[in-house]
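User: Could you take a close look at one part of this structure for me? I am a first-year student, so please explain the terms as you go.

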Amino acid sequence: MKSTPLSLMAGVVALAAVTGFAALAVPGDDGATEAKAAARLPVERSSLLCPAPSTSDLAETTYTSFTPAAKDGPKDGTAELKAAEALPADEDEPADGKTGDADDKADADDKKKTDADDKEKAADSKPVVSLKDLGKPVTAETSKSGAPALVGTATDRFAPGWTTQQTTTAAAGGARGLLGVSCTAPDTDFWFPGASTGASRQDYVHLTNPDDTAAVADIELYGAEGPLKSDVGEGITVPARSSVPLLISTLTGEAAENVTVHVTTRSGRVGAVVSAAEDEVGSDWLAASADPAGTQILPGIPADATSVRLVAFAPGEDDADVKVQLLGKNGTFSPAGNDTLHIKSQMTASVDLKNVTRGEPGSLRLTPTDGSRTPVVAALRVVRGTGAKQEVAFIPATGPVGERATVADNRAKGSVLSLTAPGKTAKVKVTASAGSEGGEAAVKTYTVKGGTTLEVTPEAPAGLKGGYALTVETESGGPVHAARTLTIPEGGIDMFTVQTLQDDGGTVEVPEAEQDLSVLDD
């Protein structure tokens with residue numbers, strides 16, 4: 001029996017376009033077929049998860065969804081985010097322990113309750129935000145206390161580069177602040193240096209499951225002296241299509257000011273992000289650090305930062321010694337007295353850099369001092385303002401923008417873009433999209449000198465109405481890392497949040513095989 005070679009190759013191409021990876025095995029070959037050439041194709045499907053925004057009655061949340069414009073590609077597709085909710089129980093299972101012999105009144109009451117629940121679920125199943133056009137963001141707002149987490153998928157033309165920003169303004173209360181987060185893709189491994197179990201902090205790790213089967217997660221905590229004892233951090237079940245917030249301080253009996261949180265899944269996948277609220281300082285989301293690596297870049301420290309704390313962790317068996325450098329406006333230098341940091345294996349290290357930027361924007365670079373390249377993860381806790389007008393945000397280590405990266409929810413005022421080139425000088429193109437309610441896209445090119453950070457106020461779209469997205473594309477030179485700071489004045493406080501920009505993975509390499517893939521007759 002023979003099969004056509006085309007069908008197998010088509011399957012490999014489709015797999016790569018969806019997952020970003022495909023390996024092709026040929027009968028009689030010990031390994032994968034060597035690629036003749038690699039073509040880049042747009043992804044056909046993307047997933048995003050947004051955590052539950054706030055339980056405060058005073059909070060207002062804006063969702064901004066966006067996919068960059070494309071010259072060609074599929075004409076169809078959707079991009080929708082819906083409320084995350086657990087799947088209904090098996091309809092064959094008796095409710096509340098009742099059997100078919102229950103009295104008619106109980107059955108009637110159950111039916112009324114079921115009908116009401118069905119109506120509520122039908123309302124929740126409607127998309128909270130749904131894209132209609134490429135290159136133009138769509139927004140949705142909620143002030144509902146206890147608004148749910150969102151799960152969503154983009155297909156075909158909306159999939160490459162799809163991004164969604166969740167921005168919450170909490171004007172008062174213990175979680176006062178501007179909380180911003182770029183909704184995350186599901187994964188199986190996350191690192192969060194910069195969390196805390198201290199008395200002044202209320203940090204929650206939010207786990208959101210996008211799939212139709214339950215996921216099981218493990219959470220490990222590491223303080224300055226090593227692992228924090230926890231009897232409840234293993235085997236955490238996250239039901240299908242639902243979200244579970246966990247107060248980190250309840251996972252251990254040990255209080256630690258600086259904690260690294262490690263989230264893994266033993267089955268399934270989740271989106272993970274940490275919400276951090278600090279008494280009298282403010283609150284924001286702490287996104288996951290870039291994967292462990294010898295060199296890490298933390299871009300976008302505001303020029304007027306009054307306090308900067310670096311938190312780092314070495315997950316392997318070896319200690320790490322890293323050089324700490326600030327990539328400033330005009331060059332690179334090491335902070336006085338803090339030019340190196342020793343990070344013991346599986347212990348969280350921290351250093352207060354105070355007002356390290358001294359009135360100029362900057363980015364932090366960590367590099368190995370001994371050539372060993374022991375992998376580390378890292379994040380910054382950044383404070384602006386003083387006294388009762390303090391506000392906090394977090395900057396995790398992040399990868400380069402690569403071919404293209406986007407951040408949504410930029411306003412007519414208050415958006416600042418930081419670009420840093422840790423190596424060679426680079427040139428990038430920055431596109432400010434059309435506004436969500438009107439306006440024309442604007443494009444500008446910037447040159448970022450090697451070893452420096454360039455802070456720019458983006459050129460807003462002409463005739464802007466509503467919010468817009470910023471897309472950064474590398475045109476030439478070395479790698480560029482980027483972050484967007486959004487500032488919104490509220491009650492005399494310059495509330496702010498920082499989101500890093502990473503390569504959106506909008507295309508994947510698909511190998512072209514030379515071999516005839518026909519399977520010969522037995």
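Analyst: Happy to help; here is a walk through the disulfide and its two cysteines.

First, a word on the source: this is a predicted model, where local features need pLDDT of at least 70, side-chain atom pairs count only at pLDDT 80 or more, and totals for chains, interfaces and linings use all residues. Residues are numbered from 1 along each chain as its sequence is written, and side-chain values use heavy atoms, with hydrogens and water left out.

A disulfide is a covalent bond between the sulfur atoms of two cysteines. Here the term is applied to a pair of cysteine sulfur atoms within 2.5 Å. Searching the whole structure turns up 1 disulfide. Its partners are C50 and C183, with an S to S distance of 2.0 Å. The link of C50 and C183 is right-handed, with 110 degrees about the S-S bond.

Where do C50 and C183 sit in the chain? C50 belongs to strand 2 (residues 45–50), while C183 lies in the loop between strand 9 (177–182) and strand 10 (189–195). Strands here are DSSP runs (E, at least two residues), numbered from the N terminus. The two cysteines are 133 residues apart, so the pair links distant parts of the chain.

Are C50 and C183 buried or exposed? C50 is buried, with a relative accessible area of 0%. C183 is buried as well, at 8%. Buried means under 20% relative accessible area, exposed over 50%, and partly exposed in between (1.4 Å probe, protein chains only).

Definitions and conventions: Helices (H or I, at least four residues) and strands (E, at least two) are DSSP runs, numbered from the N terminus.
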